[in-house]
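Got your viewer open? Let's take a short walk through this structure, one selection at a time.

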Amino acid sequence: MTGLYIHVPFCIRKCPYCDFYSKPYSAELAELYVNAVCRNVAALKELDITADTVYFGGGTPSLLTAEQVYDILDSVQKNVHLHSPEITLEGNPSSLTYEKLAGYRAAGVNRLSVGVQSADNSQLRFLGRLHDADKAYAAVYAAQRAGFENISCDLMLGLAGQDIASLTASIERLTDLPITHLSAYMLKIEQGTAFDCEAVRGRVADDDLMSELYLAMCAQLADKGFEHYEISNFAKQGYRSRHNMKYWQLEKYIGIGPSAHSDFHEKRTACPADIQAFVAADVQKNVLIEENIDRFEEYLMLALRLSDGVDFDELARRGGRDTAESIFAEARQLEKHGLVKFHGGGFSLTDDGFLLSNSIIVHLLDCRKCTK
Ligand code: SF4
């Protein structure tokens with residue numbers, strides 16, 4: 001089944017670390033944008049798609065009114081076969097009110113992802129966020145009152161002033177909230193952002209501290225009953241993000257909105273990051289990013305992000321038995337260093353292995369070349 005991603009490209013103000021595509025919010029432009037999204041959804045009808053996830057990402061989807069979200073979902077309902085869908089909306093605590101949340105819930109949204117980032121106000125100020133910790137907790141409780149049972153929070157690692165004690169306190173506070181899922185991202189200084197300067201680089205965690213923070217977080221969340229199912233994602237049982245699992249399991253998805261990517265009909269395409277062009281076009285004009293995709297390499301890279309890990313039969317099916325055997329032999333070596341664990345018909349990375357995942361992937365991909 002297909003996943004539907006809708007990129008909402010508006011923010012009140014740009015956070016200094018962020019390189020996602022977004023433009024300053026304007027009610028007028030948002031209205032044009034919603035109409036354009038509905039036109040694009042209507043164009044899906046001829047593809048006769050069955051979808052089981054819809055994801056409003058951004059940008060700041062919670063800048064849309066409940067009526068606008070309703071209009072988009074109504075259009076989805078009319079043009080796509082929906083099968084028990086997980087419908088997620090990313091919300092910024094600064095723009096979430098009980099009334100709005102109740103409206104989103106009534107419109108059909110059944111999963112909320114709240115950009116909390118930290119429970120420490122000085123770290124939130126460092127990130128240039130518009131909310132403080134109390135505002136974030138209030139948003140989560142308001143979501144619960146509005147009927148959301150599936151709530152995720154985002155947390156960031158490596159912030160200026162963040163040590164193990166303050167991270168532990170943030171996790172303690174967040175896991176006291178009625179949440180089912182937590183996404184934890186290591187702060188990365190992206191090129192061209194306001195954080196891309198020596199002054200900020202000198203204030204954020206170095207590699208050693210980042211590793212300590214990550215391992216401490218993994219241990220604490222395991223104690224709290226969260227399954228570490230993906231390198232950066234943790235869930236209570238039964239609450240993995242079904243939409244994001246599609247990306248990691250190489251399933252099909254269609255992206256609508258400026259900068260949204262699609263992987264459909266064996267082609268990877270993207271809608272240009274240009275809100276004016278998007279609202280002006282009848283239907284978005286995607287550009288080709290990749291075709292003849294090397295699904296073996298992708299499978300290995302993505303499966304290694306997941307605790308389900310790499311399956312021998314699947315690897316052999318995609319890359320041949322010799323390659324699979326060679327990779328599994330190499331993984332046995334990594335197991336001796338505590339970087340890999342074997343289970344069932346496959347293996348996955350340990351928490352220590354996740355920290356070295358990029359070099360492990362390169363190393364394992366080299367095994368393929370040896371068998372070619
Ligand atoms: S609110 Fe989110 S998408 Fe918008 S600038 Fe900040 S981090 Fe980026």
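**First stop: a pocket and its strands**

Select β11 to begin: of the elements around the second largest pocket, β11 gives the most to the lining, with 3 residues. Keep in mind as you look around that this is a predicted model. β11 covers 253–256, and you can add β12 (261–264) and β13 (267–270), since each of these strands supplies at least two residues of that same lining.

Now show the residues nearest the centre of the second largest pocket: L44, L47, I254, Q284 and N286, out of 15 that line it. Colour the lining by class and you get 7 nonpolar, 7 polar and 1 charged residue. The space inside comes to about 290 Å³.

**Second stop: the ligand**

Next, select the ligand and bring up what surrounds it. Which residues are there? Pick C11, R13, K14, C15, Y17 and C18, then G59 and T60, and finish with N92 and R129. Sorted by class, this shell has 4 nonpolar, 3 polar and 3 charged residues.

**Last stop: the whole chain**

Zoom out and switch to cartoon view. The protein chain has 15 helices and 17 strands. Its radius of gyration is 21 Å, close to the 21 Å that the globule rule gives for 372 residues, so the chain is as compact as a globular protein of that length. Along the principal axes, the C-alpha atoms fill a box of roughly 60 × 50 × 40 Å.

Try colouring by burial too: 53% of the 372 residues are buried. Finally, turn on contacts. Among those with a separation of 6 or more, 70% are between residues 24 or more positions apart.

Key: Residues are numbered from 1 along each chain as its sequence is written. This is a predicted model: local features need pLDDT of at least 70, side-chain atom pairs count only at pLDDT 80 or more; totals for chains, interfaces and linings use all residues. Side-chain values use heavy atoms; hydrogens and water are left out. A residue is near a molecule or strand if one of its heavy atoms lies within 4 Å of it. Ala, Val, Leu, Ile, Met, Phe, Trp, Tyr, Cys and Pro count as nonpolar, Asp, Glu, Lys and Arg as charged, and the others, Gly among them, as polar. On a 1 Å grid over the protein atoms alone, a cavity is a set of points where a 1.4 Å probe fits but cannot get out, and a pocket is an open set with protein on both sides within 12 Å along at least five of seven lines; lining residues have an atom within 4 Å of a point. Grid points are joined across faces, edges and corners, and a volume is the space filled by probe spheres set on the points. Helices (H or I, at least four residues) and strands (E, at least two) are DSSP runs, numbered from the N terminus. The radius of gyration is taken over C-alpha atoms; the globule rule is 2.2 Å times the number of residues to the power 0.38. Buried means under 20% relative accessible area, exposed over 50%, partly exposed in between (1.4 Å probe, protein chains only). Contact means heavy atoms within 4.5 Å.
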